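Please open the structure in the viewer and keep the selection tool at hand. The stops below follow one another, each with a selection to make and a note on what is found there.

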Amino acid sequence: MKNLFLSLFVLLVSLPICAQKEFNLASPDGKLIANIDVDKQLSYNIQYKEKEVLSSSPLSITTTEGVIWGKNPHLLGTSRKSVNQMISSPFYRAAELNDNYNQLVLRFKNHWNVEFRAYNDGIAYRFIYSGKKTLQIAEEEVAYNFPIDGIATVPYIKVGEDGDYESQFFNSFENVYTTERLSELNDQRMAFLPLVVDLNDGVKVCITESDLEDYPGLYLKSDKGTSTLSGKFAAYPKETVQGGHNKLQQIVTQREDYIATVGARSFPWRIAIVVDSDVKLAATNLSYLLAAPSRIQDTSWIKPGKVAWEWWNDWNIKGVDFESGVNNDTYKAYIDFASDNNIEYVILDEGWAVNLQADLMQVVDAIDLQELVDYATSKNVGIILWAGYYAFERDMENICRHYSQMGVKGFKVDFMDRDDQQMTTFNYKAAEMCAKYNMLLDLHGSYKPAGMNRTYPNVLNFEGVNGLEQLKWSPVEYDQVTYDVQIPFIRQVAGPMDYTQGAMKNAARGNYYPCNSEPMSQGTRSRQLALYVVLESPLNMLCDSPSNYLAEPECTSYIAEIPTVWDETIVLDGKMGEYIATARRKGDNWYIGGLTNWDERKMDIDLSFLPSGNYSIELFADGANAHRNASDYKRTVSELPKDKKLQVLLKPGGGFAAKVTKH
């Protein structure tokens with residue numbers, strides 16, 4: 001009788017939960033609300049300040065056994081909690097971050113749950129599977145149904161045939177942005193993340209993902225003529241062949257009929273960042289906050305910093321008595337330059353290992369690697385080695401062990417160019433292996449960070465950006481300047497990026513042309529300095545030749561001194577595609593950077609957030625003729641005005657960079 005009574009009690013308590021079909025989850029400030037429907041189709045919508053910003057959008061996962069999580073869901077129960085804590089965020093834009101959200105977990109029959117979180121600047125959800133059986137995921141349904149035909153800014157995949165998704169799944173995640181209405185997007189061309197939709201009245205929604213481990217990355221494509229974006233995923237590779245760039249890639253020739261194989265796990269977060277100002281968009285930390293915590297207990301050996309880099313400037317140095325190229329004399333010159341300017345690293349980019357062998361144990365005859373590492377060590381400079389993906393992946397532990405013992409500090413791994421489950425698994429495996437041997441990792445030729453920089457903080461940088469390297473070969477009509485004032489609001493939302501700034505040869509509008517051995521930037525010299533403040537790169541390149549830096553001691557001194565990780569960041573002002581101004585603090589010093597598009601612009605910078613006291617300011621601003629000669633700049637050192645207001649004129653394609661010091 002007692003057991004019968006208990007069973008009836010549990011049934012009665014459960015009935016209201018199971019009968020309930022709609023749930024609401026509000027952000028801590030109450031302005032953002034997710035409304036979740038668990039009736040015949042699991043779906044949700046989002047309201048911001050009582051305005052709908054995402055209409056009812058379905059979510060589901062289908063296994064190869066035909067089971068669909070999200071169709072006619074059988075709800076077992078729910079749980080809620082609120083979190084407001086500070087988390088450590090080393091090697092990032094701030095020393096610590098506020099992690100403040102409300103959470104709702106919906107528990108369903110057959111060992112699957114859905115977890116929603118509401119932050120003040122976004123709504124995120126993820127599936128969770130707790131069963132013991134290994135499953136094959138045939139498809140995940142991801143859809144974003146917008147209430148109006150908003151204006152989307154998306155990075156299309158720029159390779160592959162329209163409508164041929166397999167050819168589009170092999171890509172480098174580099175492209176400029178296309179801006180047009182949702183209904184006018186190319187429905188045959190996928191876009192990678194992040195992307196942004198403008199819903200009028202200042203409200204923007206940025207779509208991205210986080211905790212992307214051992215699962216394929218999400219792409220979005222237009223549903224033709226509608227305001228809906230639908231998800232696409234690369235299926236798991238069934239067959240691959242060695243090929244691609246210098247035989248350093250694995251080319252998928254056949255795929256399975258599923259996208260992933262999974263055991264008990266949490267799936268990646270699907271994030272809709274919702275803000276009412278572009279400044280808030282550039283300041284969001286959701287990708288980092290939603291990632292898995294660090295798996296490296298002792299991070300004391302991880303050393304961020306700047307890198308003297310040879311590839312962009314084509315090993316082009318002058319005033320020496322040897323022929324520059326891939327040889328020890330050239331690299332010793334780069335090491336000397338780095339040492340003299342307190343630059344932490346030199347990268348040996350592609351060329352140090354024998355070409356077409358995909359074997360990182362075969363070093364070209366012109367390089368004595370141990371001699372270079374020892375020379376660099378004596379100069380307090382670390383060596384980082386470039387590695388093609390397949391050459392690194394096929395012998396990963398032996399390579400890490402061998403070069404760690406030699407004294408190499410890390411690897412720049414390149415040409416992955418995929419984000420199917422096989423490749424996202426590789427990225428985490430590479431990070432774990434490098435951490436085992438106390439080595440840094442720069443994931444070039446790869447997708448966005450998606451929170452990995454929190455989980456493995458030894459991965460200091462990621463590409464997935466259409467960076468300055470494009471100006472070695474892009475045509476004269478190419479527009480890097482506009483792109484520069486878009487990425488802080490889009491790509492940088494996902495985390496740091498290997499943009500590789502620092503050009504000393506600068507081109508005003510109409511003066512740019514592609515040149516491999518003497519490349520140039522678009523926009524002004526001061527803009528290049530500002531990029532070290534506005535963009536985030538814990539492992540940050542000095543892309544130009546030591547010869548060019550030595551000819552520009554003022555600019556070189558500023559770049560060499562600037563930190564690459566920060567104690568505090570404030571986005572001061574900005575409008576996506578037009579301009580941005582950012583302030584970052586390291587210790588007691590503040591660095592300020594601003595960029596404009598091709599429009600000349602006066603920026604009024606309010607530094608009233610600075611504590612009371614007297615400050616001096618070192619300012620690099622566009623010169624009077626920077627609109628014609630982009631290398632024209634003016635450096636001044638003065639007292640910061642008592643009202644802590646700063647006005648700077650930015651020439652077309654211009655920028656400014658400053659250091660503010662209390663005295």
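In which sense do strand S17 and S18 pair, and over how many bridges? Select residues 237-243, which form S17, together with S18: the two strands pair in the antiparallel sense, over six bridges. The model on display is a predicted one.

**The hairpin of S17 and S18**

Highlight Glu-239 next; Gln-254 in S18 stands opposite this residue. Then move to the turn of the hairpin, where five residues lie between the strands and Gly-244 adopts a positive phi near 70°.

Remain on S18 (residues 249-255) and select Arg-255, which this strand contains. The side chain of Arg-255 meets that of Glu-166 in a salt bridge, with 2.5 Å from N to O. Glu-166 belongs to helix H2 (residues 165-169), and the pair links distant parts of the chain, 89 residues apart. Is each partner buried or partly exposed? Arg-255 counts as buried because its relative accessibility, 17%, falls under the 20% limit. Glu-166, at 33% relative accessibility, counts as partly exposed.

**Further salt bridges**

The whole structure contains 33 salt bridges according to the search. For one of them, select Lys-49 and Asp-276, whose side chains meet at 2.6 Å, N to O. Lys-49 sits in the loop between strand S3 (43-48) and strand S4 (51-63), while Asp-276 sits in the loop between strand S21 (269-275) and helix H3 (278-283); the pair therefore ties together parts that are 227 residues apart in sequence. Lys-49 is partly exposed at 46% relative accessibility, and Asp-276 is likewise partly exposed, with a relative accessible area of 22%.

Proceed to Glu-568 and Arg-585, a pair whose side chains form a salt bridge of 2.9 Å, N to O. Glu-568 lies in strand S31 (residues 568-575) and Arg-585 in strand S32 (residues 579-586), so that 17 residues separate them. Glu-568 counts as partly exposed at 29% relative accessibility, as does Arg-585 at 23%. Now select Glu-115, Arg-117, Arg-126 and Asp-211: salt bridges that share partners join these residues into one network.

**The six-stranded sheet**

S31 and S32 also lead into the next stop. Colour the strands in the order S31-S32-S33-S38-S35-S36, which is that of an open sheet of six strands with antiparallel pairing. Which strands stand at the edges? They are S31 and strand S36 (633-639); each has a single partner strand, so one side of each is left without a neighbour in the sheet. Neighbouring strands of this sheet are turned by 10° against each other on average, direction ignored.

Within the sheet, select strand S33 (residues 589-596) and strand S38 (residues 655-662), which pair in the antiparallel sense over six bridges. Ile-592 has Ala-658 in S38 as its bridge partner.

Add helix H12 (residues 525-534) to the view: this helix packs on the sheet and touches S32, S33, strand S35 (615-622), S36 and S38. The direction of H12 makes about 125° with that of S33.

**Helices H12 and H14**

With H12 still selected, add helix H14 (residues 553-561). The two axes come within 10 Å and cross at roughly 10°, which makes H12 roughly parallel to H14. On the H12 side, the contact is made by Arg-525, Leu-529, Tyr-532 and Val-533; on the H14 side, by Cys-555, Tyr-558 and Ile-559. These residues divide into six nonpolar, no polar and one charged.

**Two buried residues**

For the closing stops, select Leu-218 in the loop between strand S14 (204-210) and S15. Leu-218 is buried, with a relative accessible area of 1%. Beyond its neighbours within four places in sequence, Leu-218 is in contact with Val-142, Leu-193, Glu-209, Gly-231, Lys-232, Phe-233 and Arg-270. The C-alpha atoms of Leu-218 and Met-190 are 10.0 Å apart, with the two positions 28 residues apart in sequence numbering.

Finally, select Ser-222 in strand S15 (residues 219-222). Ser-222 counts as buried at 2% relative accessibility. With neighbours within four places in sequence set aside, the contacts of Ser-222 are Leu-182, Leu-185, Asn-186, Asp-187, Thr-228 and Leu-229.

Definitions and conventions
Residues are numbered from 1 along each chain as its sequence is written. This is a predicted model: local features need pLDDT of at least 70, side-chain atom pairs count only at pLDDT 80 or more; totals for chains, interfaces and linings use all residues. Side-chain values use heavy atoms; hydrogens and water are left out. A salt bridge is a side-chain nitrogen of Lys or Arg within 4 Å of a carboxyl oxygen of Asp or Glu. Helices (H or I, at least four residues) and strands (E, at least two) are DSSP runs, numbered from the N terminus. Buried means under 20% relative accessible area, exposed over 50%, partly exposed in between (1.4 Å probe, protein chains only). Contact means heavy atoms within 4.5 Å. Two strands pair if DSSP finds at least two bridges between them. Axes are lines fitted to C-alpha atoms, for helices over the stretch in contact, and angles run from 0 to 180 degrees between N-to-C directions. Angles under 35 degrees count as roughly parallel, over 145 as roughly antiparallel, 65 to 115 as roughly perpendicular and the rest as oblique. Ala, Val, Leu, Ile, Met, Phe, Trp, Tyr, Cys and Pro count as nonpolar, Asp, Glu, Lys and Arg as charged, and the others, Gly among them, as polar.
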